[in-house]
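Q: Could you take me through the helix packing in this one, and then point out the odd spots in the backbone? I'd like a close look rather than a quick tour.

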Amino acid sequence: MKDATAIVGIGQTPFAKRLPESEKALACRAILRALDDAGIAPAEVDGFASYTMEETDEVEVAKSIGAGDVTFFSKVGYGGGGSCATVAHLAAAIATGQATVGVAWRSRKRGSGARPWRNTTVQLPTPAQWTRPFGLLRPADEIGMLTRRYMHEYGATRDHLFNVALACRNRANQNPAAMMYERPLTREMYMTSRWISEPLCLFDNCLETDGALACVLVSADRARDCRSKPVYVHSAAQGLPAQHHGMVNYWAEDPLRGPAWTAAQQLWKHADLCPQDVDVAQIYDAFTALIPLSLEGYGFCGRGEGAAFTEGGALELGGRLPLNTSGGGLSEAYVHGFNLITEGVRQLRGTSTAQVPDAATCLVTAGEGVPTSALLLRS
Amino acid sequence: MTDEPAGPPETGLLLPVPDDDGAPFWSYAAEGELRVQTCSGCGTRRFPPRPCCPRCQSFESQWQRMSGRGRIWSYVIAHPPLLPGYAEAAPYNVLVVELADDPSIRLVGNLVTAPDAPLGPLADGKLRIGAPVRAVFRQLGDGERRTAVPRWTLERP
């Protein structure tokens, strides 16, 4: 599968706390923009991939945009853990001849819609009977629990989490499409903000966004004829570790060794590159604490060194590993991580608003803590 | 907002909704016993409960009684926005406790000053990783929905 397929089109809607259009309309707009970016007619689309949490299904999308006969469609579970897997599934389908033009997308009105954790009748992967009665209600509580343990074991501090929040905010301040474009963040704002679930404060949590994004995938051969510069899927992986329990992974032998470790092993095994070759990273940031955990999992540093890795501006432009260069889920938009994929593509095209000079390789990751996925993209 | 039965008025908390695998845990909890599913084939304890043993694949299991002693493995202090019953109690602590009998078994719960005390943050310094705790049981609900949840008190308050 190595470099056999390429992302040749990306598209998105505006991002806002509230958009007037439906999720279905937003999905169609993002997909049609991505196809236009690729220079591919909607009638040529014969493959779709999205998240199980996506509420607009393939039937609705295909007939609205005017897709042709569709021969591959797939949905990936576990919320934001499925982001990169949508592209991975299309890449596998195209590489094995099941489809020729694939579209992956996510459309979500999480900004103006209900907070999912408020619906207590929906069962998470691990039944809620073991957590909800005790008031462990929200993803912030579930990840806050792992964060506290991580801080205790490795001496990580709130300043380390602030380093993550600041890097994302600084990049958002360069990106006119970002919800936080005109909203700088200071250390004082961070340290005095309200708690959500101690040790996580407001700025450790991602945004709540209405918006949609899409990308178009074709074979490497076909990619050469497209309108935009191809960005190749060099390696792709999913990860569901042995004895994993979902976001509430407290029952695994080693809860701080999450799905990132499993996805990373597979990702690097099939790549010609290693972590030191990565020019820029788009790492899933529903919460700041996922960054140190992912840096360790994907091999940028050793176990327990993820927090220290963020020191000295390492995640800023010009640092060791520029991070989430459109602002990420923390400061551009939270659309289950799909904006990390499109920003990875822009970096390798050389069109990011926070461009890393000569960026040729980009790691994109999906939600850590849940069964996850990752992509290694190259120009 | 929710179809789940609410707890008693003084708490308004969510009651556990057991699945087939978890039901014995809650039956024992209603009797004030903390029991963990244990493989009849190889003796390995497992939590959360599930139909077969991930080590030896046996479908036979028993429920072993634990001493109720444990240590705080981690905790959070939850602040709003929260569901109504919990927002009234906020800020409150939520713990993960590792059992003294088998530290590989960890349970989510709350640290309280007495079995019937409301949820709350607890005084600074009292709540720390590694602190020894002991299980107590709080009765919730009534009639057919009567149940009990394990809570935790400090061994050295």
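A: Before the helix pairs, one bit of vocabulary: an axis here is a line fitted to C-alpha atoms, taken for helices over the stretch in contact, and angles run from 0 to 180 degrees between N-to-C directions. Keep in mind that this is a predicted model.

Let's start with helix H3 (residues 83-95) and helix H12 (residues 338-349), both in chain A. Their axes come within 7 Å and cross at roughly 60 degrees. Angles of 65 to 115 degrees would count as roughly perpendicular and those under 35 as roughly parallel, so H3(A) and H12(A) are oblique to each other. On the H3(A) side, the residues that meet the partner helix are Ser83(A), Cys84(A) and Val87(A). Facing them from H12(A) are Phe338(A), Leu340(A) and Ile341(A). Sort the residues of this contact by type and you get five nonpolar, one polar and no charged.

Chain A has another pair to look at, helix H8 (residues 259-269) with helix H9 (residues 290-297). These two pack at an angle of about 35 degrees, with their axes 8 Å apart, and the crossing is right-handed. H8(A) brings Ala260(A), Trp261(A) and Ala264(A) to the contact, while H9(A) supplies Leu293(A), Ser294(A) and Gly297(A). The tally for H8(A) with H9(A) is four nonpolar, two polar and no charged.

Now for the backbone. In chain A, the peptide bond from Glu198(A) to Pro199(A) is cis, with omega near 15 degrees. You'll find Pro199(A) in the loop between strand S5 (195-198) and strand S6 (200-201) of chain A. Chain B has a cis bond as well, from Ala90(B) to Pro91(B), with omega near -5 degrees. Pro91(B) sits in the loop that runs between helix H2 (84-89) and strand S4 (92-99) of chain B.

Then there's phi. Asn324(A) isn't a glycine, yet its phi is positive, near 45 degrees. Look for Asn324(A) in the loop between helix H10 (306-309) and helix H11 (328-331) of chain A. Asn324(A) is buried, because 29 other C-beta atoms lie within 10 Å, and 20 or more is what it takes to count as buried.

Over in chain B, Gln57(B) also has a positive phi, about 70 degrees, without being a glycine. Gln57(B) belongs to the loop between strand S1 (35-39) and strand S2 (61-65) of chain B. With 10 other C-beta atoms within 10 Å, Gln57(B) is exposed, since the cut-off for exposed is 12 or fewer.

How values were computed. Residues are numbered from 1 along each chain as its sequence is written. Chains are lettered from A and ligands numbered from 1 in the order in which they are written. This is a predicted model: local features need pLDDT of at least 70, side-chain atom pairs count only at pLDDT 80 or more; totals for chains, interfaces and linings use all residues. Helices (H or I, at least four residues) and strands (E, at least two) are DSSP runs, numbered from the N terminus. A crossing is left-handed if the near helix is turned anticlockwise from the far one by less than a right angle, and right-handed if clockwise. Two residues are in contact if their C-beta atoms, placed from the backbone, lie within 7 Å. Ala, Val, Leu, Ile, Met, Phe, Trp, Tyr, Cys and Pro count as nonpolar, Asp, Glu, Lys and Arg as charged, and the others, Gly among them, as polar. Angles under 35 degrees count as roughly parallel, over 145 as roughly antiparallel, 65 to 115 as roughly perpendicular and the rest as oblique.
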